[in-house]
Amino acid sequence: MADVAVILGSASDNEIADRVCSVLAEHGVSFDCKVLSAHREPEKLDAYLQECTCSIYIAIAGLSAALPGVIASRTDRPVIGVPVSGTLLGIDALLSIAQMPRGVPVATVGVDAAENAALLAVRILALAAQIGKSSSISGSMH
Ligand code: AIR
């Protein structure tokens, strides 16, 4: 399975997803990219999350962007949310992603900030690899 699962709320978010995937590829990080809306196809999203063995999720969504939070409620792996502009300058999506309830952490990057989401994932993976090699810390990162 891929290191990073990139999930888009709609095919209309493709331009952002393409930029995320290009940066991941530049850094030699493997990824799986899927369109799965938290609102429109919750069962399909759930089924994918149950199967997914990735280390990090990048969730891209606009409007009332529930996707990153829903993913974070279903996994203990890091979730990075990318708010997409389109309406209200993307402030609607930004607040939807940033204002998670306690216990449901999502790392939020700027509106349409595809590259930063990918670079943050690269840094988390590098840190995990470093910790994995350290003798003082043992156990799974998941
Ligand atoms: N969206 C899709 N399902 C739930 C949400 N919030 C988002 C998509 C996209 C926007 O709604 O992530 O940014 C518009 O989607 P569409 O399919 O109508 O173009």
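## Legends to close-up views

**View 1. Asp-112 is buried, with 22 other C-beta atoms within 10 Å.** A residue is called buried when 20 or more other C-beta atoms, placed from the backbone, lie within 10 Å of its own, exposed when there are 12 or fewer, and partly exposed in between. The structure shown is a predicted model, in which local features need pLDDT of at least 70 and side-chain atom pairs count only at pLDDT 80 or more, while totals for chains, interfaces and linings use all residues. Residue numbers start from 1 along each chain as its sequence is written. Asp-112 lies in the loop between strand 5 (107-108) and helix 5; here helices (H or I, at least four residues) and strands (E, at least two) are DSSP runs numbered from the N terminus. The phi of Asp-112 is positive, near 65°, although this residue is not glycine.

**View 2. Leu-89, in the loop between strand 4 and helix 4, also has a positive phi without being glycine.** The phi value is near 60°. Leu-89 counts as exposed because 11 other C-beta atoms lie within 10 Å, whereas Asp-112 is buried.

**View 3. Helix 1 spans residues 14-26 and turns one face inward, with its buried residues on that side.** The expected span of a helix is 1.5 Å times one less than its number of residues, and for the 13 residues of helix 1 this gives 18 Å, in agreement with the 18 Å between its end C-alpha atoms. Ile-16, Ala-17, Val-20, Cys-21 and Leu-24 are its buried residues. Viewed down the axis of helix 1, these residues fall within an arc of 130°, taken from the directions from the helix axis to the C-beta atoms, and so they line one face. Glu-15, Asp-18, Ala-25 and Glu-26 are exposed on the face turned away from that buried side. The buried residues pack against strand 1 (4-8), strand 2 (31-35), strand 3 (56-62), strand 4 (79-84) and helix 5 (114-133), where contact requires C-beta atoms, placed from the backbone, to lie within 7 Å of each other. After helix 1 comes Gly-28, whose phi is positive, near 70°.

**View 4. Ile-16 and Ser-22 both belong to helix 1 but are buried to unlike degrees.** Ile-16 is buried, with 25 other C-beta atoms within 10 Å, and, leaving aside residues up to four places away in sequence, it touches Ile-60, Val-82, Val-84, Asp-112 and Ala-114. The C-alpha atoms of Ile-16 and Pro-83 are separated by 9.7 Å, although these residues are 67 residues apart along the chain. Ser-22, with 13 C-beta neighbours inside 10 Å, counts as partly exposed; the C-alpha atoms of Ser-22 and Val-35, 13 residues apart along the chain, are separated by 17 Å.

**View 5. Helix 5 has 20 residues and carries its buried residues on one face.** From first to last C-alpha, helix 5 reaches 29 Å, close to the 28 Å expected at 1.5 Å a residue. Ala-114, Ala-117, Ala-118 and Ala-121 are buried, and, seen down the axis, the buried residues fall within an arc of 95°, so they line one face of the helix. An α-helix has 3.6 residues a turn, so residues three or four places apart point the same way. Strand 1, helix 1, strand 3 and strand 4 are among the elements that cover the buried residues of helix 5, while Arg-123, Ala-126, Leu-127, Gln-130 and Lys-133 are exposed on its other side. Val-122, also in helix 5, is partly exposed, with 19 C-beta neighbours inside 10 Å, and its contacts beyond four places in sequence are His-27 and Val-29.

**View 6. The largest nonpolar core holds 40 residues, of which Val-20, Ile-58, Ile-60 and Ala-117 touch the most other members.** Such a core is a set of buried Ala, Val, Leu, Ile, Met, Phe, Trp, Tyr and Cys residues joined through C-beta atoms within 7 Å. At least two residues each come from strand 1, helix 1, strand 3, helix 3 (67-74), strand 4, helix 4 (91-98) and helix 5, and strand 3 supplies the largest share, 6 residues. Val-20 touches Val-6, Ile-58, Ile-60, Ala-114, Ala-117 and Ala-118, not counting residues up to four places away in sequence.

**View 7. The ligand is surrounded by 15 residues.** Each of these has its C-beta atom, placed from the backbone, within 6 Å of the ligand, and the closest are Gly-9, Ser-10, Ser-12, Ser-37 and Gly-62. The shell has 5 nonpolar, 8 polar and 2 charged residues, with Ala, Val, Leu, Ile, Met, Phe, Trp, Tyr, Cys and Pro counted as nonpolar, Asp, Glu, Lys and Arg as charged, and the others, Gly among them, as polar.

Methods
Two residues are in contact if their C-beta atoms, placed from the backbone, lie within 7 Å.
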